Amino acid sequence: MRFLVTGGTGFVGSHMVELLLKQGHEVVCPVRSLSALRNLAEVPATVITTDGMEETLANELPVDYVIHLAASTRSLDYEGYRKANVDYTRRLLQYFVDEERAQALKRFVLVSSQAAGGPSLDGAPVKESDPLRPVSLYGRSKVEAEELVMSYGDRLPVTVIRPPTVFGPRDVDVLGVFRTARFGFVTYIAGPARMVSIVYVEDLVNGILKAALSPAARNRVYYMANPEPVVWKEFSLLIARILGRRAVAIPVPLALMRMVSVGGDILGRVRGSAVLFRSEKLVEMEQLAWVCSSERAYRELQWKPRVPLEEAIRKTAQWYKDNKWL
């Protein structure tokens, strides 16, 4: 089978590409520039440019499955998110909705985000049937992308996946926790414990592939997370213990973090591109319960995370060390 994987140069996308190639599938990866093949330079995937993508696919590379992972997680405004997360999705859908291609396409999978569903208001895990309550512009853009994909459900076989916090080799977001833990301290937002659903990247890409191949997943939405959420402070301390450090947990006042996030907003405007820590990101971080239920995926897809949490942390830490990230 031939899979079109967008976002193949990214963290989750590169693991998706590796899994598909390992299982003997052909993989096509659209990229913006052939000079920026991070994570794809040494794998036997077919790389094409997004400029002229449709013509290349039509003439040479008919596709059986689409796994759409490409997205922007940082932008200065909603239009930036819409262009990356909604307009590109629309471009792909419009290409594949052609009658002949629609008949050949076995599944279009949009990898969305837990940010679309939003945090839990009462601490109970959010389900796919719950109202969508995004708290960020990024989350709003993912809702719009999901709604767009599902609107094509009568013409294309579509599926939406909402991962929570994902960690593993090549991840740069949780890397900061590993780096501070190595020096004997971790930080967390002062106040009530904050619960977070998480998933190891290898488990996630296996789940995405299961959804792509499953007849039961057509026109369905799935959260994919570990059965038990973590308290972020305890998760950070666990990372430190696995790294062989007795770390001190340092609470950071929310007021101080708000001041720093405003500085991030200003820096982003000066640079013309959003930085990682900014007010929008803090709004997500300060929520008390980013928890979701994956019971639908467990039941309908027979998918469950297989890598124990401590093993996943060890494998991640070893990759960071081997690649000089730690």
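Strand S6 and strand S11, residues 220–223, pair in the parallel sense over 4 bridges. That is where I will start, and please keep in mind throughout that this is a predicted model. One of the contacts between these two strands involves Arg162, whose bridge partner in S11 is Tyr223.

Now the other pairing of S6. Strand S5, residues 107–111, also runs parallel to S6, again over 4 bridges. Here Val109 has Thr159 of S6 as its bridge partner. For anyone new to this, strands of a sheet pair through backbone hydrogen bonds, and the pairing can be parallel or antiparallel.

How many of the residues of S6 are buried? The strand spans residues 158–162, and 5 of its 5 residues are buried. Both faces are covered. On one side sit Val158, Val160 and Arg162, and on the other Thr159 and Ile161. Note that Arg162, a buried residue of this strand, is also the one that bridges to Tyr223.

There is also an open sheet of 3 strands, in the order S12-S9-S14, with mixed pairing. Which strands stand at its edges? They are S12, residues 230–231, and S14; each has a single partner strand, so one side of each has no neighbour in the sheet. Strand S9, residues 195–196, runs parallel to S14, and 2 bridges join them. Within that pair, Val196 is matched with Trp290 of S14.

Next, a helix. Helix H9 covers residues 232–242, and its buried residues include Phe235, Ser236, Leu237, Leu238, Ile239 and Ala240. In general, an α-helix has 3.6 residues a turn, so residues three or four places apart point the same way. In H9, the buried residues just named run consecutively from Phe235 to Ala240. Just after the helix, Gly244 takes a positive phi of about 80°.

Now the charged side chains. How many salt bridges does a search of the whole structure find? It finds 17. I will show three of them, and then a network.

The side chains of Asp154 and Arg155 form a salt bridge, at 3.5 Å from N to O. Asp154 is exposed, with a relative accessible area of 64%, while Arg155 is partly exposed at 44%.

The second salt bridge joins the side chains of Arg258 and Glu286, at 3.2 Å from N to O. Arg258 lies in helix H10, residues 254–271, and Glu286 lies in the loop between helix H11 (279–285) and strand S14 (289–290), so the pair ties together parts that are 28 residues apart in sequence. Arg258 itself is partly exposed, with a relative accessible area of 43%.

The third joins the side chains of Arg278 and Glu280, at 3.3 Å from N to O. Are these two residues buried or exposed? Arg278 is buried, and Glu280 is buried as well. As for the network, salt bridges that share partners link Glu79, Arg82 and Glu144.

Last, the cysteines. What does the disulfide count come to? The count is 0. Cys29 is buried, with a relative accessible area of 0%. Cys292 is buried too, at 6%.

To go back to the beginning: S6 pairs in parallel with S5 and with S11, and both of its faces are covered. That is the part to look for when you open the structure.

Terms used: Residues numbered from 1 in each chain as written. Predicted model: local features only at pLDDT ≥ 70, side-chain atom pairs only at ≥ 80, totals over all residues. Heavy atoms only, no water. Salt bridge = Lys/Arg side-chain N within 4 Å of Asp/Glu carboxyl O. Buried < 20%, exposed > 50% of the residue type's maximum accessible area, 1.4 Å probe, protein only. Disulfide = S-S within 2.5 Å. Pairing = 2+ DSSP bridges.
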